[in-house]
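Q: I would like a close look at a single part of this protein. Please start with one residue and then work outward from there.

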Amino acid sequence: MRNAPGVFGNMAKQKAAGTESYTVLARRYRPQQFSDLVGQEPVAQALVNALKSNRVAHAYLFTGARGVGKTSTARILAKALNCVRGPTATPCNACEICQSIAAGEDVDVLEIDGASNRGIDEVREIRQNVQYRPSRSRYKIYIVDEVHMLTPQAFNALLKTLEEPPEHVKFIFATTEAQKIPITILSRCQRFDFAGIGTAEIVERLRGIVQGERMEADDEALALVARRAGGSMRDAQSLLDQLLAFGGERLTTEQVHRLLGTAGDERVLQIAAAVLEHDPKRALDLLGQAVDEGLQMGELVDQLIDYWRDLMVVQCAGAEARDLSLASRHRETLVRQAATAKLDTILAGLDVLSTTKARLRTSSRGRVLVEMALVRLGRLEDLASLSELAHWLGQMRGSPQTVPSAPSRPPASNAAAPSAVSVPGVKKKPEDRPDPATNDFPTTLSVDSLAQVWEEVLANLGPMVANSLRKAQLPAIFGPNTLVLRFAPSYNSEREHCQQPANVARVEEVLRKITRQGWNVRIESASGAAEDTRKAADETENPQSRSKRQRAEALKEPLVRRAVEVLGAQLVEVDEGFGAPAATSANGGEEPDCEEHEA
């Protein structure tokens with residue numbers, strides 16, 4: 001365990017003196033040497049080597065999340081440069097200069113808050129003062145915290161000084177948002193990125209602090225605190241400080257849950273079991289008990305997100321998966337529950353929970369949102385994927401028969417996906433999609449069977465190719481075993497996608513499997529010249545001849561012909577302009593501009 005030198009001794013002196021003031025743990029246990037930095041070993045090693053080889057730059061930029069050691073590292077570097085034994089990689093922490101820097105009171109080490117000193121006037125003052133030598137130290141050091149808060153004018157005023165400062169001046173910038181700093185500033189600094197601190201390292205540090213405070217804590221309680229900190233050592237120490245004041249001589253897991261308003265692992269496992277067993281009543285009862293106990297809805301959703309993430313990790317990595325949020329004693333239950341759900345269902349559950357978490361921030365009905373989420377989680381396996389829904393719609397369009405029903409649970413090959421939707425009254429079964437190898441589809445592709453066969457072709461293609469093909473007009477049989485598809489000029493990108501040799505070959509292969517016959521597919525663009533020629537011919541054509549021709553063309557349309565056959569309808573009138581390229585409907589087909597009336 002690495003602890004700052006003299007920390008426990010100073011604490012004992014403070015207690016012996018009976019002082020009333022209290023210094024929080026995050027300040028008392030601040031690292032005092034490069035070797036004390038937790039989780040930032042690469043940064044510490046680079047700075048130590050720079051000090052040993054006398055290659056210390058005039059400007060540094062420390063960037064990273066909150067509470068990972070940026071300001072502490074800046075102070076250690078300042079001590080290393082100005083210590084009476086320095087420059088040295090191991091400042092003594094005993095001389096007056098080291099102690100004043102550690103306390104933030106040294107006259108030659110100026111710590112500036114970038115948020116409250118962000119204007120050009122403050123930067124001008126720095127430019128005027130850098131010319132003066134330090135009062136008693138080797139270097140005058142400026143530590144600017146949250147430097148990204150400076151205004152653009154302030155950054156511009158700092159450029160020249162930052163590029164060529166006096167030999168006795170060093171700049172150390174710290175920020176949590178390096179992307180907001182101008183590139184002209186970044187190019188003048190040596191940048192060090194501070195990573196988030198691992199949970200295990202935080203737990204080890206917290207354990208040492210608890211021992212230093214002469215108290216006790218359960219390992220599981222410390223692990224909860226470390227995970228709650230999210231990689232921030234300062235957040236973990238602040239939360240531990242609060243818990244030690246709340247819990248007495250020993251910190252337990254139950255005390256952590258009570259103070260944070262979170263549910264115990266057992267409660268989370270019970271809710272997850274009810275959801276995965278499709279028992280919404282039990283899940284809602286458990287949620288009601290949690291509400292009665294004062295648990296926060298947002299915290300519970302966070303815990304469920306962590307648990308569903310654990311299910312996903314176990315599904316992918318197996319029983320030996322690492323970095324799980326659940327305690328190790330519950331791993332067997334976690335593995336067993338992960339085996340009962342499909343990976344796509346778990347991913348869809350994560351999507352539901354994440355959406356619920358986002359909606360909780362703007363809603364005053366948190367319990368209702370969480371109840372909805374639990375019920376949806378239990379019904380994910382009853383949902384149909386969008387590809388299946390598109391197939392059903394295609395069948396309904398090509399056939400007057402209703403969609404067959406099936407058990408509510410989908411087959412293993414059709415696992416629920418995050419994009420799944422529910423269709424009331426429509427159920428699935430494996431035989432919903434006809435097998436091209438059976439006699440459900442005609443073996444000969446003709447004008448009468450073209451619409452039905454083409455819908456099945458689209459259903460058996462990949463979604464990207466099928467969606468592009470739907471932008472084309474209904475294919476036409478052109479010569480022996482040749483299909484021609486024409487795209488309007490507004491769909492040039494879709495046409496180019498479909499014309500790729502691999503996609504054309506795929507369409508021909510699906511046609512061959514469905515019709516048991518080889519077909520050539522040709523994809524063309526419907527030229528504007530052809531349309532102009534047709535319009536000119538219409539203008540010179542006799543009205544009676546044009547009406548007769550339009551009626552004949554309308555009767556060739558598959559939907560019109562189907563209506564006549566099934567409903568016994570009669571074609572009464574064809575609107576003027578029939579035969580022009582039809583507007584593309586939502587499902588990618590063409591809507592004939594004609595009217596059918598019941599006979």
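Why does Arg309 count as partly exposed?

A: The model is a predicted one. Arg309 has a relative accessibility of 31%, so it counts as partly exposed. The reasoning needs two limits: under 20% a residue would be buried, and over 50% it would be exposed, with partly exposed in between.

Arg309 is found in helix α15. Leaving aside neighbours within four places in sequence, Arg309 is in contact with Asp323, Leu324, Ser325 and Leu350. One of these can be placed by distance: Ser325 is 16 residues from Arg309 in sequence, and their C-alpha atoms are 8.6 Å apart in space.

Helix α15 covers residues 297-317, and Gln303 lies in it. Gln303 counts as buried because its relative accessibility is 16%. Not counting residues up to four places away in sequence, Gln303 touches His257, Thr262, Ala263 and Val268.

Two aromatic residues come next, Tyr307 and Trp308. Tyr307 is buried, and Trp308 is buried as well. The count of aromatic pairs comes to seven. The ring centres of Tyr307 and Trp308 are 6.1 Å apart and the ring planes stand at 70°, so this pair is edge-to-face.

Trp308 also leads to a cavity: it is among the residues that line the largest one, together with others including Val275, Leu276, His278, Thr345 and Ile346. The volume of the largest cavity is about 90 Å³. A search of the whole structure finds two cavities of 30 Å³ or more. Helices α13 (265-276) and α17 (343-360) each supply at least two residues of the lining of the largest cavity.

For comparison, here is another aromatic group. Tyr60, Phe62, Phe192 and Phe194 form one aromatic cluster. Within it, Tyr60 and Phe62 are both buried.

The next topic is the sheets. Strands of a sheet pair through backbone hydrogen bonds, either parallel or antiparallel. One open sheet has five strands in the order β2-β3-β4-β1-β5, and its pairing is parallel. At the edges stand β2 (109-113) and β5 (190-194); each has a single partner strand, so one side of each is left without a neighbour in the sheet. On average, neighbouring strands of this sheet are turned by 15° against each other, direction ignored. Strand β1 (residues 59-64) pairs with strand β4 (residues 169-175) in the parallel sense over five bridges. Leu61 has Phe173 in β4 as its bridge partner. Helix α4 (residues 70-82) lies across β1, β2, β3 (140-145), β4 and β5, and runs at about 155° to β1.

A three-strand open sheet has the order β8-β9-β10, with mixed pairing. Its edge strands, each pairing on one side only, are β8 (476-477) and β10 (520-525). Strand β9 (residues 482-487) pairs with β8 in the antiparallel sense over two bridges. Ala476 has Val484 in β9 as its bridge partner. Helix α23 (residues 501-515) packs on this sheet and touches β9 and β10; its direction makes about 135° with that of β10.

Some backbone details belong to the loops. Asn54 is found in the loop between α3 (41-52) and β1. Its phi is near 60°, which is a positive value in a residue other than glycine. Asn54 counts as exposed because its relative accessibility is 68%. Asn93 sits in the loop between α4 and α5. The phi of Asn93 is also near 60° and positive, again in a residue other than glycine. Asn93, however, counts as buried because its relative accessibility is 18%. The loop between α4 and α5 (96-103) is also the place of Pro87. Gly86 and Pro87 are joined by a cis peptide bond, with omega at about -5°.

Finally, the whole protein gives the setting. It has 26 helices and 12 strands. Of its 599 residues, 45% count as buried. Arg309, at 31% relative accessibility, counts as partly exposed. Among contacts between residues at least 6 apart in sequence, 71% join residues at least 24 apart.

Terms used
Residues numbered from 1 in each chain as written. Predicted model: local features only at pLDDT ≥ 70, side-chain atom pairs only at ≥ 80, totals over all residues. Heavy atoms only, no water. Helix = DSSP H or I, 4+ residues; strand = E, 2+ residues; numbered from the N terminus. Buried < 20%, exposed > 50% of the residue type's maximum accessible area, 1.4 Å probe, protein only. Contact = heavy atoms within 4.5 Å. Phe/Tyr/Trp six-rings, centres within 6.5 Å; stacked < 30°, edge-to-face > 60°. Pairing = 2+ DSSP bridges. Axes fitted to C-alpha atoms, helices over the stretch in contact; angles between N-to-C directions. 1 Å grid on protein atoms, 1.4 Å probe; cavity = no way out; pocket = protein on both sides within 12 Å on 5 of 7 lines; lining within 4 Å. Points joined across faces, edges and corners; volume = space filled by probe spheres on them.
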